[in-house]
Amino acid sequence: MNRFIRKSFAVNLGGIRVRSRCLCGAAAAGPSGSIRQSNHGQEQQCSGTSIAQYDIAIVGGGMVGMSLACSLASMPLTKHLNVAIIDSNPALVNGIRINKQDPPDPRVSTITPATTSMFRDIGAWQYLQPYRHAYFDQMQVWDYTGLGYTRYHARDVDKDSLGCVVENKVLQSSLLLCIQNADFQKRIFPSRLVSMSLNPGLKSKQMDGISSEISRADLAKLHLSDGTCLYAKLVVGADGSKSQVRELAGFKTTGWNYSQNAVICTVEHASENQCAWQRFLPAGPIALLPMGDNFSNIVWTMNPKEALDRKSMTEIDFVKTVNHALDHGFGPHPTSSLLGKGNIFSWFGAGVPTSGNGGFEIPPKVVKLASERMVFPLSLRHANDYVSKHVALIGDAAHTVHPLAGQGVNLGFGDAFALSRVIGEAIAVGMDIGEASLLKKYEAERKPANIAMMAILDGFQKAYSVDFGPLNILRAAGFHAANYISPLKRSIISYASGEQRLPLFT
Ligand SMILES: Cc1cc2nc3c(=O)[nH]c(=O)nc-3n(C[C@H](O)[C@H](O)[C@H](O)COP(=O)(O)OP(=O)(O)OC[C@H]3O[C@@H](n4cnc5c(N)ncnc54)[C@H](O)[C@@H]3O)c2cc1C
């Protein structure tokens with residue numbers, strides 16, 4: 001199955017090969033070559049007389065870049081490293097202000113139990129705890145045909161929760177506080193990477209017509225938008241789906257844009273919602289995620305035209321369309337009577353225990369829109385390589401996935417923790433942390449896990465892009481199998497919780 005998923009994904013991706021384009025004027029060399037880039041096709045000039053040197057330059061101080069910094073700060077072998085974090089987001093320098101009285105921000109992430117425990121291990125959870133975060137122990141997934149539904153409960157896997165919904169600004173603030181309070185040599189550069197040279201010593205630099213050799217042969221050189229230059233043994237691209245590091249390092253990507261946008265917002269109910277709900281509709285899934293108090297977050301996928309309409313319609317009409325989509329709109333509620341009196345999965349034999357606790361429930365009504373509505377285009381993108389000498393990609397810079405199962409940033413956190421572990425192992429044996437053979441260990445660990453998750457999410461997206469009778473029945477059978485066969489159900493829950501096992505009968 002594992003091999004099958006990887007193979008079919010490779011075939012799938014093979015159909016569309018997207019060539020990386022250089023964002024800058026000069027041409028890029030391959031992953032192992034020397035590169036000099038600038039916005040004007042010329043060598044950038046550095047301000048100041050001396051250029052500082054860092055062990056690691058993390059380009060991108062989003063959730064994933066900050067989690068790498070925090071993880072490095074937490075480990076005895078890596079906490080002495082000298083780290084530069086480059087991001088023009090002023091909040092990284094001025095602090096992230098969170099007012100507990102405000103309704104939740106619409107940008108949230110569902111984090112898995114695996115991510116929660118990593119946050120505890122690196123010491124970031126204590127900074128998150130005082131702020132709003134909502135655990136959920138139940139999840140219901142169903143589709144508009146009325147043919148199938150699945151209800152998951154944390155107790156199916158002897159856990160207390162299936163996940164936790166947290167505002168992105170709370171996640172980022174906890175990571176920022178974690179590194180600010182750690183005894184860790186870091187410097188935040190409120191700027192953007194504009195160009196990068198790998199093996200700069202192999203190049204000569206023209207100054208006033210005189211050619212002078214740059215001596216730092218085994219370091220990468222980074223040029224920032226404010227004129228600052230710096231050297232680093234390792235450059236980590238944590239700069240999101242349009243990664244400049246990925247472009248400048250010459251990594252190719254494979255992927256496509258979905259003809260779908262996600263509309264996100266915060267909504268309010270008359271009482272607290274404690275379940276994560278997801279209904280697959282003809283144009284894409286709608287998710288209602290508990291946010292604590294009487295708030296929930298909506299992530300609603302649809303075609304771009306519908307997304308613009310739903311963003312601009314009146315609040316009253318929007319609330320009506322949300323309730324319609326989460327209740328009987330587009331099709332009937334599923335009923336277990338579709339299964340007949342017996343259990344259709346009895347043919348799996350006496351050896352396979354069945355589950356099926358909890359009947360179908362209707363989600364709580366939305367009474368009010370509690371935030372602005374935001375629209376995000378959706379895409380799948382995967383870097384063919386994650387590493388080369390001096391460079392590693394993590395998070396959305398390496399892979400961007402459909403948000404339908406709330407896995408994107410969880411995969412990115414997995415990358416960050418894996419990379420920090422590999423760096424620690426290198427330091428333990430006195431290896432250069434920019435060595436490609438070392439960085440390949442990180443790639444070998446994360447690439448199969450990320451590709452497997454991407455393939456599953458892309459498969460779901462495609463299976464729900466078609467409204468076709470026999471396929472609808474197959475999907476319904478899938479839902480019932482996931483609901484009624486205990487080992488499969490447990491396996492799906494464990495995988496979605498961040499355990500790396502694929503959902504098989506194990
Ligand atoms: C609608 C929606 C819902 C989602 N819901 C979930 C969910 O529930 N759970 C989940 O796990 N994932 C979810 N995701 C995915 C998740 O948001 C992303 O995976 C995550 O934000 C990626 O984090 P990142 O730090 O890798 O990249 P980003 O968040 O994109 O951060 C990149 C950072 O790099 C900086 N940067 C960019 N270019 C440069 C440069 N040249 N120089 C310096 N800095 C630069 C940017 O300023 C930014 O701070 C969702 C995504 C969408 C669109």
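In this predicted model, the shell around the ligand draws at least two residues from each of four elements, namely α2 (63-74), β4 (108-111), β15 (253-268) and α10 (408-428). Of these elements, α10 gives the most, with 4 residues. The ligand is surrounded by 31 residues in total, and the closest of them are G60, G62, G240, G395 and G408. When the shell is divided by class, 15 of its residues are polar, 12 are nonpolar and 4 are charged. The surroundings of the four contributing elements are described below in turn.

The two helices of this group, α2 and α10, also meet each other, their axes coming within 9 Å and crossing at roughly 30 degrees. Because this angle falls under 35 degrees, α2 counts as roughly parallel to α10. The crossing of the two helices is right-handed. On the side of α2, the contact is made by M63, V64, S67, L68, S71 and L72, and these residues face V409, G412, F413, D415, A416, F417, L419 and S420 of α10. The contact of α2 with α10 comprises 9 nonpolar, 4 polar and 1 charged residues.

A second helix packs against α2, namely α6 (residues 168-180), and here too the axes come within 9 Å and cross at roughly 30 degrees. The angle therefore makes α2 roughly parallel to α6. In this case, however, α2 passes α6 in a left-handed crossing, whereas the crossing of α2 and α10 is right-handed. The residues of α2 that take part are M63, M66, S67, A69, C70 and A73, which meet N168, L171, Q172, L175, L176, C178 and I179 in α6. By class, the contact of α2 with α6 holds 10 nonpolar and 3 polar residues and no charged ones. M63 and S67 are listed in the contact of α2 with α10 and again in the contact of α2 with α6.

The strand β4, which supplies at least two residues of the ligand shell, belongs to an open sheet of 3 strands in the order β4-β8-β5, with antiparallel pairing. The edges of this sheet are formed by β4 and β5 (133-136), each of which pairs on one side only. On average, and with direction ignored, neighbouring strands of the sheet are turned by 20 degrees against each other. The antiparallel strands β4 and β8 (residues 163-167) are joined by 4 bridges, and within this pair I111 stands opposite C164 in β8. Helix α6 lies across β4, β5 and β8 and runs at about 85 degrees to β8, so that, with 65 to 115 degrees counted as roughly perpendicular, α6 is roughly perpendicular to β8. Helix α6 thus meets α2 through the residues named above and also lies across the three strands of this sheet.

The remaining element of the group, β15, likewise contributes at least two residues to the ligand shell. It pairs in the antiparallel sense with β20 (residues 374-383) over 9 bridges, and T253 stands opposite A383 in β20. Strand β20 pairs in turn with β23 (residues 399-400), again in the antiparallel sense, over 2 bridges. In this second pairing, the bridge partner of R381 is T400 in β23.

Note on methods:
Residues numbered from 1 in each chain as written. Predicted model: local features only at pLDDT ≥ 70, side-chain atom pairs only at ≥ 80, totals over all residues. Near = placed C-beta within 6 Å. Nonpolar A, V, L, I, M, F, W, Y, C, P; charged D, E, K, R; others polar. Pairing = 2+ DSSP bridges. Axes fitted to C-alpha atoms, helices over the stretch in contact; angles between N-to-C directions. Parallel < 35°, antiparallel > 145°, perpendicular 65-115°, else oblique. Left-handed = near helix turned anticlockwise from the far one by under 90°. Contact = placed C-beta atoms within 7 Å.
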